[in-house]
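This report introduces a structure to a reader who has not met it before. The sequence and the coordinates are shown first, and the description follows.

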Amino acid sequence: MSILPAEFYEQPTLELAKSLLGCKLVKETEIGTASGYIVETEAYVGPGDRAAHSFNNKRTPRTEVMFGPPGYVYTYVMHTHCLVNVVSGEVGHPEAVLIRAVEPLEGIELIQERRGDKKEKDLTNGPGKLTKALGIIKSDYGHPLDQSPLYIKNGYSPKHISQGKRIGIDNSGEARDYPWRFWITENRFVSR
DNA sequence: ATGATGATCTACT
DNA sequence: GTAGATCATCATC
């Protein structure tokens, strides 16, 4: 198993979203390493995707990294929770893949400590949950995903991939119905 | 019914 | 520009 090279991210966002399923997300910290398999993602295709922060090429300090080359981390702080994205699309194309859920793999003790001893199932089945579980914070913003301490490794190929509408963007007009959410079929760690 | 989560919103370092 | 908060929705008791 090896760290995915920068070239891996040079594919269409929707393809990347599916490719990331089954890959291993790893975060190293001073107190230990925690990782998990990515089991759920959402694609956000900048211009034209009303639900995306980069809709209509809206460029702000926050979305700035999305305009750069793919393979970088885009962290977003919301309600004291942190969400993680993988930047995709070429330079000038503000697209990204939101990681919504992972399956705990390494550092279970560390994850449980961070999450506060919840049921295993509830440890990482949500965008805000997995970041806290793996110790990903806003200062990871702009970090290349092919280097320590935060990176993605080759995982396994999911047998079945499901596809459906995205979640939590009810006020985004037509974009609400875009079937751009992908998850590993019948994996119990998906958010829903 | 209660608790937790979540692609925002507002205020001020 | 950054840091911190509020309220609707989903999940579970």
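## Loops, contacts and core

P149 lies in the loop between β6 and β7; helices (H or I, at least four residues) and strands (E, at least two) are DSSP runs, numbered from the N terminus. The peptide bond that joins S148 to P149 is cis, with omega near 5 degrees.

This is a predicted model, in which local features need pLDDT of at least 70 and side-chain atom pairs count only at pLDDT 80 or more, while totals for chains, interfaces and linings use all residues. Residues are numbered from 1 along each chain as its sequence is written, chains are lettered from A and ligands numbered from 1 in the order in which they are written, and side-chain values use heavy atoms, with hydrogens and water left out.

**The loop between β3 and β4**

H79 is found in the loop between β3 and β4, and so is T80. Although H79 is not a glycine, its phi is positive, at about 50 degrees. T80 is likewise not a glycine and has a positive phi of about 65 degrees. H79 counts as exposed at 61% relative accessibility, and T80 is exposed with a relative accessible area of 77%. Here, buried means under 20% relative accessible area, exposed over 50% and partly exposed in between (1.4 Å probe, protein chains only).

**DNA strand C**

The residues around DNA strand C are P61, R62, M78, H79, T80, K121, K138 and R192, where a residue is near a strand if one of its heavy atoms lies within 4 Å of it. By class, this surface has 2 nonpolar, 2 polar and 4 charged residues. In this classification Ala, Val, Leu, Ile, Met, Phe, Trp, Tyr, Cys and Pro count as nonpolar, Asp, Glu, Lys and Arg as charged, and the others, Gly among them, as polar. Of the atoms of DNA strand C within 4 Å of the protein, 50% belong to sugar or phosphate and the rest to bases.

**DNA strand B**

There are 18 residues around DNA strand B, of which Y44, H53, Y76, V77 and P127 come nearest. Sugar and phosphate make up 41% of the atoms of DNA strand B that come within 4 Å of the protein. At least two residues of the surface near this strand come from each of β3 (73-78), β4 (81-88) and α3 (127-134); β3 gives the most, with 4 residues. The surface near DNA strand B comprises 8 nonpolar, 7 polar and 3 charged residues.

The following table lists N or O atoms of the protein and their distances to atoms of the two DNA strands.

| Protein atom | DNA atom | Distance |
|---|---|---|
| Y76, polar side-chain atom | Strand B, phosphate oxygen | 3.5 Å |
| R100, side-chain N or O | Strand B, phosphate oxygen | 3.4 Å |
| P127, backbone N or O | Strand B, phosphate oxygen | 2.8 Å |
| H79, backbone N or O | Strand C, base nitrogen | 2.9 Å |
| K121, side-chain N or O | Strand C, phosphate oxygen | 3.4 Å |

**Aromatic rings**

The structure holds 5 aromatic pairs. Rings of Phe, Tyr and Trp (its six-membered ring) pair if their centres lie within 6.5 Å; planes under 30 degrees apart count as stacked, over 60 as edge-to-face and the rest as tilted. The Y74 and Y141 rings have centres 6.0 Å apart and planes at 75 degrees, so this pair is edge-to-face. Y74 lies in strand β3 and Y141 in the loop between α3 and β6 (146-147), so the pair ties together parts that are 67 residues apart in sequence. Y74 counts as buried at 2% relative accessibility, whereas Y141 is partly exposed at 30%. The pair of Y178 and W180 is tilted, because the ring centres are 4.9 Å apart and the planes stand at 55 degrees. Y74, Y76 and Y141 form one aromatic cluster.

**A buried glutamate and the core**

E40 has its place in strand β2 and counts as buried at 0% relative accessibility. Its side chain makes a polar contact with the side chain of R181 (2.6 Å). A polar contact is a pair of N or O atoms within 3.5 Å; within protein, one must be able to donate a hydrogen and the other to accept it, and residues adjacent in sequence count only if both atoms are side-chain atoms. A polar atom of the E40 side chain also lies 2.7 Å from the backbone nitrogen of S191.

The largest nonpolar core has 37 residues, and those with the most contacts inside it are Y9, L20, L25, I38, V86 and I152. Such a core is a set of buried Ala, Val, Leu, Ile, Met, Phe, Trp, Tyr and Cys residues joined through side-chain atoms within 4.5 Å. The largest share of this core, 5 residues, comes from β2.
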